[in-house]
Amino acid sequence: MLLYHDPRAPNPRRVRVFLAEKGVAYDTIEVLIADKAHQTPEFRKKNPIALLPVLELADGRVLRESMAICRYIEETQPGPNLFGEDPWERAQIEMWNRHAELELLWPISQVFRNTSKFYEGRIKQCPDFGQQMREHVTERLAWLEGELGKRSFMAGDRYTVADITALCAIDFGKPSQIRLSAELHPNLTAWYSRVAERPSAKA
Ligand SMILES: N[C@@H](CCC(=O)N[C@@H](CS)C(=O)NCC(=O)O)C(=O)O
């Protein structure tokens, strides 16, 4: 398997962490967003909408979308289970993974896209929208702080794909100065330590 990725981008990292948890071997090709390598005609043959990650199988078939890739890996390499063992757990993990995507990763990415120097001249930035998303994240972190007082991990009492999404989201807050605070977010800070100290977090 071949993963097209950018080492600094959060969605490819979700897949790398997932693969590390599964202990699956794979090769990588770096496609650097900073160099616009994802916008070349060659890369667009893999993904016409120029987004990372992309997974290419040994027979040349190509998969896009981080969660589609992770689900494929979950089915081809079932252990350790990261998407749920029974209908209720699968639904809980889906729910919390969607929360982590839609309430953390997406708005945090929008803060970066709309307020960073990196995207200046690359996209039409809307700083007001970036600011609105920053406030949204602040509010959602306060909500998740209460949730993480009830259990050890995002979706329950064990590590799942929802933790991978939330970890990659929080870490991608760094360039936009979105950080957990030990005073405001003691439960989230403890959760973060639990997930960040896993070897897979280095992926
Ligand atoms: N929903 C997609 C999102 C993919 C995505 O937005 N990838 C970002 C990197 S994290 C990207 O390729 N951005 C290219 C750009 O900003 O031009 C997934 O989960 O794979």
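Here are three short exercises on a predicted model, each with a worked solution.

Two ground rules before you start. Numbering runs from 1 along each chain as its sequence is written. Since the model is predicted, local features need pLDDT of at least 70 and side-chain atom pairs count only at pLDDT 80 or more, while totals for chains, interfaces and linings use all residues.

**Exercise 1.** Work out in which order the four strands sit in the open sheet.

*Solution.* Strands (E, at least two residues) and helices (H or I, at least four) are DSSP runs, numbered from the N terminus. Two strands pair if DSSP finds at least two bridges between them.
- Start with β1 (residues 2-5): it pairs with β2 (residues 27-30) in the parallel sense, over four bridges.
- Now β3 (residues 54-56): its pairing with β1 is antiparallel, over three bridges.
- Put together, the order reads β2-β1-β3-β4, with mixed pairing.
- β2 and β4 (62-64) are at the edges with a single partner strand each, so one side of each has no neighbour in the sheet.

**Exercise 2.** Find the residues that stand opposite Y4 in β2 and in β3.

*Solution.* On the β2 side, look across from Y4 and you land on I29. On the β3 side, you land on V54.

**Exercise 3.** List the residues around the ligand, then sort them by class.

*Solution.* Count a residue if its C-beta atom, placed from the backbone, lies within 6 Å of the ligand.
- That gives A9, P10, N11, I33, H38, L51, L52, P53, E65 and S66.
- Sorting them yields six nonpolar (Ala, Val, Leu, Ile, Met, Phe, Trp, Tyr, Cys, Pro), one charged (Asp, Glu, Lys, Arg) and three polar (the others, Gly among them).

How values were computed:
Near = placed C-beta within 6 Å.
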